[in-house]
Structures are given as C-alpha cells and as structure tokens.
Amino acid sequence: MVLALAVCFTWSCNEKPRQYTIVENHTDGNQVIEKFVAPNDTVALSQYLDRMSKIVMEAMTDTTGNAAKIESMFVISPDGDTLNTNQELMNVIAEQIQKSGQNAVPVP
C-alpha cells in the first residue's frame, strides 16, 4: 500500500504542465484562439468552465450590447481531443463542483 502511494505521489509530482487551446467561434464569423497551460485535462476543463460561466454572466448583465457574442467554444488538449465534448470528463468535473459546494453560474 505504501509503495503504491509513493509511486502515485511521485508520478503526479512529475506531471508536466501541458499547453491547451481555447477556441471561441463568434457569431460575426471571427474566431479567437487562445493558448493556456494546465497540469492535466481535468484542470484544463475546469478552467474552461470557469471562463464560460464568466462569459455567460457578462452576456446576462451587459446592457450596452458589447458583450462577446459567442456561437461555440471548445477546449482542445495537446493531443487534439476536444475536452468539453467528453461526457465522462464533464461528469467528473460536475462531481467535483458539487463536492466543493460551488455553482459555476449563480442562480438568481
């Protein structure tokens, strides 16, 4: 048991941050591509969801009409996988949010 914990701890400590990509497709046809670094897919997807919830809140509270009008948004791993379409990974993130008692988007 101790050996398994030591191997697991050593493996996770040696995990190198990886570069992910967020792609925003706007309704006007523009596309914004942004790179960011995260230690793993779960953290990258959490960062994506945080960003998405901020965009939704900005759009809901914008009275000037200047909020970004995003048609779709994706987070892509260094391996080329689209993380926000991976239902299993989304379920893991949802469970983590529930356990922490956080709401991604506050309910009025």
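**Confidence, fold and hairpin in a predicted model**

Trainee: What is the mean pLDDT of the protein?
Mentor: Good place to begin, as this is a predicted model. Of its residues, 77% reach a pLDDT of 70 or more. The mean pLDDT of the protein is 77.

Trainee: Which element has the lowest mean pLDDT, and which the highest?
Mentor: Let's take the low end, where helix 1 (residues 2-13) has a mean of 46. Over residues 1-11 the pLDDT is below 50, and this stretch has 0 contacts in the model beyond near neighbours in sequence. The lowest mean thus belongs to helix 1, and the highest, 94, to strand 2 (residues 31-38).

Trainee: In what order do the elements run from the N terminus on?
Mentor: The protein has 3 helices and 3 strands to place. From the N terminus on, the order is α-β-β-α-β-α.

Trainee: In what sense do strand 1 and strand 2 pair, and over how many bridges?
Mentor: Strand 1 covers residues 18-26. One pairing to look for in the model is Glu24 with its bridge partner in strand 2, Val32. The sense is antiparallel, and the number of bridges is 8.

Trainee: Which residue in that hairpin takes a positive phi?
Mentor: Look at the link, which has 4 residues between strand 1 and strand 2. The positive phi, near 95°, belongs to Gly29.

Trainee: How much of the protein is buried?
Mentor: Start from the surface: the protein exposes about 7700 Å², with carbon and sulfur atoms supplying 56% of it. Counting residues under 20% relative accessible area as buried, the share of the 108 residues is 20%.

Note on methods. Residues are numbered from 1 along each chain as its sequence is written. This is a predicted model: local features need pLDDT of at least 70, side-chain atom pairs count only at pLDDT 80 or more; totals for chains, interfaces and linings use all residues. Side-chain values use heavy atoms; hydrogens and water are left out. pLDDT is the predictor's confidence in each residue, from 0 to 100. Helices (H or I, at least four residues) and strands (E, at least two) are DSSP runs, numbered from the N terminus. Contact means heavy atoms within 4.5 Å. Two strands pair if DSSP finds at least two bridges between them. Buried means under 20% relative accessible area, exposed over 50%, partly exposed in between (1.4 Å probe, protein chains only). Accessible areas come from the Shrake-Rupley method with a 1.4 Å probe; for residues, only the protein chains shown count as cover.
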